[in-house]
Amino acid sequence: MIVQKLYVRQSRQLLALSRRAPISGRFLSTETPVDTALRTPSARPIDPIQKSEEVKEGVTPKSQWAKWQQSSRHSHRTTPGEKNKTNKFLFHRFSEDKFQSTGTQMQEIYDPKDLITNPIKPSEITLELLLASGTHMGHSTSRWNPQNSRYIFGIREGVHIISLDVTASHLRRAAKVVEEVAARGGIILFAGTRKGQKQAVVRAAELAKGYHIFERWIPGSLTNGQQILGHCETKVVNALDEELPEFKMDLADRPTLKPDLVVCLNPLENVVLLHECGLNNVPTIGVIDTDADPTRVTYPIPANDDSLRAISLISGVLGRAGEAGQERRLAMAKQGKTTYAPITEKELRLDPLTGLVPGAEQGQQK
């Protein structure tokens with residue numbers, strides 16, 4: 001009776017063991033299971049100096065990489081920028097030679113800072129690039145400004161979508177404004193005080209030969225500029241941007257310079273800057289999101305102001321436009337032509353308060 005109960009109780013487990021594998025084979029086998037998924041070539045770590053198992057035409061990838069590295073290290077005819085591009089290209093070719101046997105095709109490596117280091121021109125703006133940069137993403141419908149209704153394409157899951165056609169057209173118009181101001185020798189100021197916008201602002205100002213602010217705007221820099229910016233150094237240059245040190249002493253009593261155009265990448269945090277520009281009749285360009293007021297700037301660009309990639313794209317396009325304007329101005333200056341009336345020596349020596357030459361009679365007019 002006891003044996004019968006034991007057999008009934010353990011029969012199910014014995015049957016299950018017999019179905020999986022023979023008992024003798026399970027306990028007597030000395031082989032260990034191997035996970036073939038971990039042995040795929042794509043899972044191996046990428047090491048540029050590791051010797052490959054395959055040798056092609058008697059030259060290993062290790063020797064190729066060492067030869068490329070040595071040649072690029074001892075090349076003195078290339079600039080630092082060209083060296084970086086050369087090293088990236090050589091590493092890309094090395095990776096192609098190493099992994100071509102696995103069936104993998106190496107594509108172009110994405111660099112998130114490429115929009116800053118190598119920005120595109122205004123003529124190269126496409127809707128696909130604007131879409132990939134996230135310029136179409138607005139804020140939730142509860143935070144929108146009704147004055148932005150003409151820039152909104154629709155609503156997606158409670159979020160406003162900005163029309164990319166409107167963004168592209170307004171961005172091209174702003175780029176044209178920046179180019180014309182730079183071509184006429186105007187002063188362009190780029191302002192972006194949010195975290196992460198520093199590189200984009202500095203790069204755009206460098207291309208357009210303008211000025212930049214990436215920390216904070218000091219209130220009164222335009223309305224009370226003589227007291228705040230009076231200690232800043234001012235230079236006198238000719239049409240070819242060559243400094244004229246002989247006129248430096250004549251600038252001691254001159255009023256502070258004001259920008260001819262201000263590009264603001266985050267208008268919500270720089271309301272004081274835009275207000276002072278309005279008081280001094282300084283045109284402005286601003287990136288307007290769905291929660292911002294488009295009437296605060298002269299030339300709005302409806303786009304997402306929270307995306308660093310979108311800001312990098314917009315600032316790079318405007319910087320390229322300023323660069324094109326500066327090149328056109330210098331080319332005309334070499335031919336003896338200027339798009340503005342150059343200041344004369346007499347006008348430079350005028351008293352800014354009375355409008356007279358120092359030491360002249362009171363009846364002399366300006």
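Reader: What does K209 count as, going by relative accessibility?
Author: K209 counts as partly exposed, at 48% relative accessibility. The cut-offs are under 20% relative accessible area for buried and over 50% for exposed, with partly exposed in between, using a 1.4 Å probe and protein chains only. This is a predicted model, in which local features need pLDDT of at least 70 and side-chain atom pairs count only at pLDDT 80 or more, while totals for chains, interfaces and linings use all residues. Residues are numbered from 1 along each chain as its sequence is written, and side-chain values use heavy atoms, with hydrogens and water left out.

Reader: Where does K209 lie?
Author: In the loop between α8 (198–208) and β5 (211–213). Helices (H or I, at least four residues) and strands (E, at least two) are DSSP runs, numbered from the N terminus.

Reader: And what is the phi of K209?
Author: Near 55 degrees, which is positive, and K209 is not a glycine. For background, most residues other than glycine have a negative phi.

Reader: What about D241, what is its phi?
Author: D241 is also not a glycine, and its phi is positive, about 60 degrees. D241 sits in the loop between α9 and β6. Its relative accessible area is 35%, so D241 is partly exposed.

Reader: Where is D250 found?
Author: D250 is in the loop between α9 (225–228) and β6. D250 has a relative accessible area of 22% and is partly exposed. Its C-alpha is 9.7 Å from that of V236, and the two residues are 14 apart along the chain.

Reader: Changing topic: how many helices and strands are in the chain?
Author: Twelve helices and eight strands. Of the 366 residues in the chain, 35% are buried.

Reader: What share of contacts join residues at least 24 apart?
Author: 60%, counted among contacts between residues at least 6 apart in sequence. Contact means heavy atoms within 4.5 Å.

Reader: Now α10. Which residues in it are buried?
Author: L273, L274, E276 and C277 are buried in α10, which spans residues 271–279. Seen down the helix axis, the buried residues fall within an arc of 160 degrees, so they line one face of α10. That arc is taken over the directions from the helix axis to the C-beta atoms.

Reader: What covers the buried residues of α10?
Author: The cover includes β4 (188–191), β6 (261–264) and β7 (284–288). After α10 comes N281, which has a positive phi near 55 degrees.

Reader: Which residues is P267 in contact with?
Author: L274, G286, V287 and I288, leaving aside its neighbours within four places in sequence. P267 is placed in the loop between β6 and α10, and at 5% relative accessibility it counts as buried. P267 and I288 are 21 residues apart in sequence, with 7.3 Å between their C-alpha atoms.

Reader: How many disulfides does a search of the whole structure find?
Author: Zero. A disulfide is a pair of cysteine sulfur atoms within 2.5 Å.

Reader: Why is there no bond for C264?
Author: The closest cysteine sulfur to that of C264 is in C277, and at 8.4 Å it is too far for a bond. C264 is buried at 1% relative accessible area, and C277 is buried at 1% relative accessibility.

Reader: At what angle do the axes of α7 and α11 cross?
Author: Roughly 35 degrees, and the axes of α7 (residues 164–183) and α11 (residues 308–334) come within 7 Å. Axes are lines fitted to C-alpha atoms, for helices over the stretch in contact, and angles run from 0 to 180 degrees between N-to-C directions.

Reader: Is the crossing of α7 and α11 left-handed or right-handed?
Author: Right-handed. That means the near helix is turned clockwise from the far one by less than a right angle, with anticlockwise being left-handed.

Reader: Which residues meet there?
Author: From α7 they include L171, A174, A175 and V178, and from α11 they include I314, V317, L318 and A321.

Reader: Last one: which residues is T193 in contact with?
Author: Outside its neighbours within four places in sequence, T193 is in contact with F214, E215, R216, N266, E269 and N270. T193 lies in the loop between β4 and α8. T193 and W217 are 24 residues apart in sequence and 8.1 Å apart in space, C-alpha to C-alpha.
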